[in-house]
Amino acid sequence: PIYARQREQRMRAWLAAHRAGFIAALARITLAPVGSALNALVIGIALSLPVGLYLIIVSLQTASHQMTSTPQISAFMALDANRAEIAQIESRLKQSSRVATFRLVAKDQALAELKKSSGLADVIEGLPQNPLPDAFVIEATDTSPAALEALRDEIRQWPRVAHVQLDAQWARRLDACLRFARVVAAMLGTLLGIALVAVTFNTIRLQVITRREEIEVIKLIGATDAFIQRPFLYFGALQGLAGGATALLIVSAGAYLANRGLGELSHVYAALLQLNTLSPGDSVALLATPAALGWFGAWLSVSRHLALVEPS
């Protein structure tokens, strides 16, 4: 029981010390509200750049994956291909072991769908003849890039096939570009994280220099380095947290405004275009990461400069 009481007393003393350090950090922030707000705004704007880029990348990847969940090959016949030639290609597709399923899109059907979806019905009605060819939409048994390209090259050699297009090829190129963009976003986020640590380091250094005499007096009456460090550490963490909250507001407002504009485009193009928003986990990470970086920058600064302040 004695050891339990002692442990409880030590825990209470530890919590009281951290509470006092947190309150002291809040007091320093409230004493300079304009400067604190400007620091949070600068950090928030800097953090919103990589986070916004990340959201755009994720949104584009989601859209490209939805549109190309099953890679397809489109084989367009010559404009003057007759029914017998189309039937010959259809027979070859049925016999090919590389083809899983296929469907014929007749030229009249393609023209009707274009007239319905493009909003150019008057222009299409004025055409002297149907400019669209018959086409086959093909799904392969093996959807690996090499197998799809091999099947495309094979169909391209068949008679009366004017053009063969691998519909998922553009999506693979887009996905490769987006993977590169992810690397760029990660590098940008890392650099801005280092900048946040540097800003906090310099801010705490100035505070230690400004409060040098006060720190000397506190050391003379027996205060430990940990006791002196706590307010500075909480100040750095709160500064980073405020910057993360500002970045969250900027990104959320930007996504909301962008989605309003994209909603109009979705209505015009009859397709779902939307910018992803931050998930709860991403939001927590956006708040916790700059807070941790602020704490780390403050710890680096106060550990270095506090050792130089000794009572005379």
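**View 1. R152 sits in helix α6.** This is a predicted model, and the first close-up picks out one arginine in it. R152 is buried, because its relative accessible area is 12% and the cut-off for buried is under 20%. Its side chain still has a polar partner: R152 and D153 are joined by a polar contact of 3.3 Å. D153 itself is partly exposed, at 34% relative accessibility.

**View 2. Helix α6 keeps its buried residues on one face.** The helix covers residues 145–156, which makes 12 residues. From first C-alpha to last it reaches 16 Å, close to the 16 Å expected at 1.5 Å a residue. Which residues of α6 are buried? They are L148, L151, R152 and I155. Look down the axis of α6 and these buried residues fall within an arc of 100°, so they line one face of the helix. R152, then, belongs to that buried set along with two leucines and an isoleucine.

**View 3. R156 and D153 meet in a salt bridge within α6.** Here the N-to-O distance is 3.6 Å. Why can these two pair up along the helix? R156 and D153 are three residues apart in α6, so about one helical turn separates them. R156 is partly exposed, with a relative accessible area of 39%, and D153 also counts as partly exposed, at 34%. D153 is worth a second look, since its side chain also makes the 3.3 Å polar contact with R152.

**View 4. E154 reaches out of α6 to form a salt bridge with R98.** The closest N and O atoms of E154 and R98 are 3.2 Å apart. This pair links distant parts of the chain: E154 is in helix α6, while R98 is in the loop between α3 (83–95) and β2 (99–105), 56 residues apart. How accessible are the two partners? E154 counts as partly exposed at 29% relative accessibility, and R98 is partly exposed too, with a relative accessible area of 38%.

**View 5. E8 and R12 form a salt bridge in helix α1.** Their closest N and O atoms are 2.7 Å apart. Both residues belong to α1 (residues 2–31), and they are four residues apart, so about one helical turn lies between them. What about their surroundings? E8 counts as partly exposed, at 41% relative accessibility, whereas R12 is exposed, with a relative accessible area of 56%.

**View 6. D80, E85 and R160 are linked in a network of salt bridges.** This close-up brings three charged side chains into one frame: the acidic residues D80 and E85, plus the arginine R160. For the wider picture, the count for the model comes to six salt bridges.

**View 7. A nonpolar surface patch takes in part of helix α2.** The patch has an area of about 430 Å². Which residues make it? V34, L38, L41, I45 and I250 do. The largest share, four residues, comes from helix α2 (residues 33–67). One of the patch residues to find in this view is L41, whose place is in α2. L41 is partly exposed, with a relative accessible area of 41%.

Key: Residues are numbered from 1 along each chain as its sequence is written. This is a predicted model: local features need pLDDT of at least 70, side-chain atom pairs count only at pLDDT 80 or more; totals for chains, interfaces and linings use all residues. Side-chain values use heavy atoms; hydrogens and water are left out. The expected span of a helix is 1.5 Å times one less than its number of residues. Buried means under 20% relative accessible area, exposed over 50%, partly exposed in between (1.4 Å probe, protein chains only). The arc is that of the directions from the helix axis to the C-beta atoms. Patches are made of residues with over 30% relative accessible area and no salt bridge: like charges are joined within 9 Å, nonpolar side chains (Val, Leu, Ile, Met, Phe, Trp, Tyr) within 5 Å. Accessible areas come from the Shrake-Rupley method with a 1.4 Å probe; for residues, only the protein chains shown count as cover. A salt bridge is a side-chain nitrogen of Lys or Arg within 4 Å of a carboxyl oxygen of Asp or Glu. A polar contact is a pair of N or O atoms within 3.5 Å; within protein, one must be able to donate a hydrogen and the other to accept it, and residues adjacent in sequence count only if both atoms are side-chain atoms.
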